[in-house]
2 protein chains.
Amino acid sequence: MEKKSVETQENILIAARTIFAQKGLAGARMQEIADCAGINKALLHYYYRNKEKLFEQVFDEALKKMLRPIVAFLADNSDLFQKIRNICRHYHEVLVEYPFLPNFVINEINSDPTRILKLFDVEGFLEGREKTIIQINEAVKSGIIRPIDPRELILNIISLSIFPFAGRPVIKEILYKNENIYEILKERADRVSDFIIQSIKI
Amino acid sequence: MEKKSVETQENILIAARTIFAQKGLAGARMQEIADCAGINKALLHYYYRNKEKLFEQVFDEALKKMLRPIVAFLADNSDLFQKIRNICRHYHEVLVEYPFLPNFVINEINSDPTRILKLFDVEGFLEGREKTIIQINEAVKSGIIRPIDPRELILNIISLSIFPFAGRPVIKEILYKNENIYEILKERADRVSDFIIQSIKI
DNA sequence: TTTTATTTTAACCAAATGGTTAAAAAATGA
DNA sequence: TCATTTTTTAACCATTTGGTTAAAATAAAA
């Protein structure tokens, strides 16, 4: 007997992701997570010693999911325009599936800034960043794109990719009321990269 | 004796803004708000009946501050490019002063979506939106800007203006470590509008 | 069938927290 | 000085919540 156990633990994780993403660490209730997983509180504590441990696991997953597209972008060996198309698609793919991610991660870092230290773990990040900054500067020098600070370009790419998901409830209300915002956001990936490329290309 | 009373109530509001913005409704503690305001819990409850009332007041203020630049943009009678410059400056002004605002508003709407109903209150919004959508469509027709869905343009403007503040702790860590990110963001307003205008102008 | 692992039940505990109360103290204005 | 308002003190209450425990029940593996 081991199958049932694994399944239960997976149900707990799924429930924890849902509740923590919606209510945050402080707002989430262990009872609610147990209910959502279809088990009782005793069993929940049997598998995950306490709320913090459970949260940490969920948060780490989420942080990784949020950083992966950036890290992949920085490491990507394609030419600049293709790299931009790739990261936009990558982010839209992840965020259509997990739209709560940006809010969740940003918010928990906000309420406990020491959690930001986990950003250091990502390997290949610093080299990738240097490589990409050089690539952008050279694209400027060789007249492929207009002058722009590389970090600002990266910031713009990230902003355009992530914010519509983070601000989704408000965005839907003021711009896309009565429409399926996920469909709209899903189709947006390539238009976002076009918007960016249009802005920088000469 | 009335001056002291008013001052105390203002101190409470300032404290409540700080604590609620950092920890949210669920994470904030009345004791912490009292400490931050330099008073005791009894006095806090003397002026604000309960946590929810206090929160509501703080949240409504915050929501208004977040929506004002959009509403002003939609009502602005300038030409399109100038309107874009205006909203970017407007947002950067507000958010340099209150960087916690976007997260706070988005997050509390997230954890209680019924709060979104307060968006309806804003007057002149629907007319302004129609007017601006027509303005953008006509700029496309008359060949001033490339073809773009008006709502998508608005979404891009908002994303580029707000996200860097919302994601500030992470952005600082991965792009602007050891630098003063507020200085960087403050100066960004005009570069953001240039980035947008560059992308759409023919 | 026996053994082992999983799950439930249900009662329980300690700490944190929102909120109250009443009386004393301090500050203020007239 | 006197009356009024503001503030503190400090004890207290009810509820929520994270977490525990031990025994019974259920399910699976051997």
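**Notes on helix 7, the two domains and the chain A/B interface**

1. Just past the end of helix 7 in chain A, have a look at A:Gly143, which takes a positive phi of about 75 degrees. Keep in mind as you go that this is a predicted model.

2. Now step back into the helix itself. Helix 7 of chain A covers residues 125-141, 17 residues in all. From first C-alpha to last it reaches 24 Å, close to the 24 Å expected at 1.5 Å a residue.

3. Which residues of helix 7 in chain A are buried? They are A:Phe125, A:Gly128, A:Arg129, A:Thr132, A:Ile133, A:Ile136 and A:Ala139. Looking down the helix axis, you'll find these buried residues within an arc of 135 degrees, so they line one face of helix 7. The spacing is worth a thought: an α-helix has 3.6 residues a turn, so residues three or four places apart point the same way.

4. Turn to the other side of helix 7 in chain A and you meet exposed residues: A:Leu126, A:Glu127 and A:Lys141.

5. What do the buried residues of helix 7 pack against? Within chain A, their partners are helix 4 (51-75), helix 5 (80-97) and helix 8 (150-166). Chain B joins in too, with its helix 9 (168-175).

6. On to the domains. The assignment splits chain A into domain 1 (1-49) and domain 2 (59-200). Their C-alpha centres lie 30 Å apart, and the contact takes 7 residues from domain 1 and 5 residues from domain 2.

7. Between them, domain 1 and domain 2 of chain A bury about 480 Å², with 59% of it on carbon and sulfur atoms. On the domain 1 side, A:Arg17, A:Ala21 and A:Leu25 lose the most area to domain 2, together 66% of what that side buries.

8. A:Arg17 deserves a second look. Its side chain meets that of A:Glu61 in a salt bridge, at 2.7 Å from N to O. The rule finds 1 salt bridge across this interface of domain 1 and domain 2 in chain A.

9. Finally, the two chains. How many residues of chain B are in contact with chain A? There are 50, and they touch 50 residues of chain A. Chain B and chain A bury about 4900 Å² between them, 64% of it on carbon and sulfur atoms.

10. Across the interface of chain B and chain A the count is 4 salt bridges. If you want a pair to pull up on screen, try B:Glu152 with A:Arg191, a salt bridge whose closest N and O atoms are 2.6 Å apart.

How values were computed:
Residues numbered from 1 in each chain as written. Chains lettered and ligands numbered in written order. Predicted model: local features only at pLDDT ≥ 70, side-chain atom pairs only at ≥ 80, totals over all residues. Heavy atoms only, no water. Helix = DSSP H or I, 4+ residues; strand = E, 2+ residues; numbered from the N terminus. Expected span 1.5 Å × (residues − 1). Buried < 20%, exposed > 50% of the residue type's maximum accessible area, 1.4 Å probe, protein only. Arc of directions from axis to C-beta. Contact = heavy atoms within 4.5 Å. Domains from an automatic or database assignment. Buried area = accessible area lost by both parts, 1.4 Å probe.
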